[in-house]
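Trainee: Could you take a close look at one part of this model with me? I would like to see how it fits with what lies around it.

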Amino acid sequence: MAEFGIAAPSVKVTGGKLPTATGKALSVVALRKTYGDVVAVDEASMEIAAGEFVTFLGASGSGKTTTLMMLAGFCEPDSGTITVGDRDVTKLAPQKRNLGFVFQQYLLFPHMTVSENVAFPLTLRGVPKDEIRRRVGETLEIAGLSGFGGRRPRELSGGQQQRVALCRALVYRPPVILMDEPLGALDKKLRDQLQVEIKAIQQELGLTVIYVTHDQEEALVMSDRIAVMRNGLIEQFDTPRELFERPRTPFVADFLGAANFLPGRVEQHTDEHTLVRLDQNGSLLTARRHDLATGAAVKAAVQPGRLRACAPGDGFCAGTVEIATYVGTIVRAGVRIDGGEAPLLRLEIPAGRGPVAAERVGVTVDPGDVNLFPTEQGG
Ligand SMILES: Nc1ncnc2c1ncn2[C@@H]1O[C@H](COP(=O)(O)OP(=O)(O)OP(=O)(O)O)[C@@H](O)[C@H]1O
Ligand SMILES: [Mg+2]
């Protein structure tokens, strides 16, 4: 039974370490791709360091796969350049770029055994048989698949098949591995487990990975940096923390953290803070210092997890808890703020600290957790 189940933990990284790469792994400059009137990718530029785990995150149709396919060489850009290491590969065929791929559908050869599948890239490259056997064994062990080499793909679970696909990409040690929603077809539990495993293998082997997902949590868990994509544009390319705490646009604030947006006007600046008079109830909200004109119309963005409930009268606003949903370690609360119509203010509070439905609460936040955006900025 255990053989067919998912052994956990299955990451066994033992030696076989890649020579640690340093410097720049891949860069793109002004990469653009159109399909008729649709601008699938609009002047994307980025530099990715060796050993970095970078994720393209965006809604369906935002241009993630198109960007990855251009890097891989399966899709020709209208303009722009792609450099791997120091080599301009823009015009090179896929197999000459020396990149590994893992796709959402495992695309294993059904008639070949696991070992033959993993060996395939080496066989193609004419690597001697002994060397192939050694490297396949080593790679299967890294992915916790030792003992599965003789099976056919159909005799494996979805998660195991996806690990075989990962092995096939790892086995010829490409400097950069591209992955397009590799866990998209798996259930949540397996996805969570493989996220950790892929990350562990990436770190242990010092791999450079470019990963595509539309799942914010997956991106936050795995990535050193995330490129948030929207309508073919890279909206922001930053560390998870920066994206979360210093989103550059309302779109990023909303996409990563489902921020609350409170409309108001800049009332005054102090050395450290910017005070905003909220439209909703006329109260003053203190934000960290922003470079905005006094009187400017703004939206104050605050992540639900950064708001805290306090005694009514102690916070920047007060209201009534309308919904309080227990979700494991946190309670999600929706607070109806006093004074007019507004969407419910969403709070996430550690479970055990209330609040409960119908309770009167104040709401407070640290100024450092308040981001201000000029209202004209859209979103
Ligand atoms: N071969 C094609 N012909 C025409 N339009 C295309 C083609 N491939 C992609 N597009 C368009 O380009 C845009 C970007 O598509 P892309 O597949 O890169 O999105 P994505 O971010 O990977 O989305 P998803 O999350 O759904 O996979 C979309 O508007 C899509 O319809
Ligand atoms: Mg896609």
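Mentor: Let's begin with Glu245 and Arg241, which are four residues apart in helix H7 and so are separated by about one helical turn. Helices here are DSSP runs of H or I with at least four residues, strands are runs of E with at least two, and both are numbered from the N terminus. Before we go on, note that this is a predicted model, where local features need pLDDT of at least 70, side-chain atom pairs count only at pLDDT 80 or more, and totals for chains, interfaces and linings use all residues. Residues are numbered from 1 along each chain as its sequence is written, chains are lettered from A and ligands numbered from 1 in the order in which they are written, and side-chain values use heavy atoms, leaving out hydrogens and water.

Side chains of opposite charge can pair when their charged atoms come close. Glu245 and Arg241 make such a pair, a salt bridge whose closest N and O atoms are 3.3 Å apart. The term stands for a side-chain nitrogen of Lys or Arg within 4 Å of a carboxyl oxygen of Asp or Glu. Glu245 is partly exposed at 24% relative accessibility, while Arg241 is exposed at 57%. For those words, buried means under 20% relative accessible area, exposed over 50%, and partly exposed in between, using a 1.4 Å probe and protein chains only.

Now stay with Glu245, because this residue also helps to line the largest cavity, along with others including Phe244, Arg246, Ala301 and Asp369. Cavities are found on a 1 Å grid over the protein atoms alone: a cavity is a set of points where a 1.4 Å probe fits but cannot get out, a pocket is an open set with protein on both sides within 12 Å along at least five of seven lines, and lining residues have an atom within 4 Å of a point. The largest cavity has a volume of about 70 Å³; a volume is the space filled by probe spheres set on the points, which are joined across faces, edges and corners. Helix H7 (240-245) and strand S14 (297-302) each supply at least two residues of this lining. By class, the lining has five nonpolar, three polar and four charged residues. In this sorting, Ala, Val, Leu, Ile, Met, Phe, Trp, Tyr, Cys and Pro are nonpolar, Asp, Glu, Lys and Arg are charged, and the others, Gly among them, are polar.

Where does the largest cavity lie? Domain 1 (24-250) and domain 2 (258-377) both give residues to its lining, so the cavity lies between them. The domain bounds come from an automatic or database domain assignment.

Our salt bridge has company, since the structure holds 21 salt bridges. One to set beside it joins Glu138 and Arg134, with closest N and O atoms 3.1 Å apart. Glu138 and Arg134 are four residues apart in helix H3 (residues 129-142), so about one helical turn separates them. Glu138 is partly exposed at 21%, and Arg134 is partly exposed at 44%. Both belong to a network of salt bridges that links Glu131, Arg134, Arg135, Glu138 and Arg173.

Another arrangement appears with Arg336 and Glu322, whose side chains meet in a salt bridge at 3.1 Å, N to O. Arg336 lies in strand S17 (residues 330-337) and Glu322 in strand S16 (residues 317-327), so this pair ties together parts that are 14 residues apart in sequence. Arg336 is partly exposed at 30%, as is Glu322 at 43%.

To finish, compare the cavity beside Glu245 with the other spaces. The count comes to two cavities of 30 Å³ or more, and the second largest has a volume of about 30 Å³. Val102, Gln162 and Met179 are among the residues that line the second largest cavity. Its largest share of lining, three residues, comes from H4, and its residues divide into six nonpolar, one polar and one charged. The largest pocket has a volume of about 510 Å³. Of the 21 residues that line this pocket, the closest to its centre are Phe101, Phe120, Pro121, Arg168 and Tyr172.
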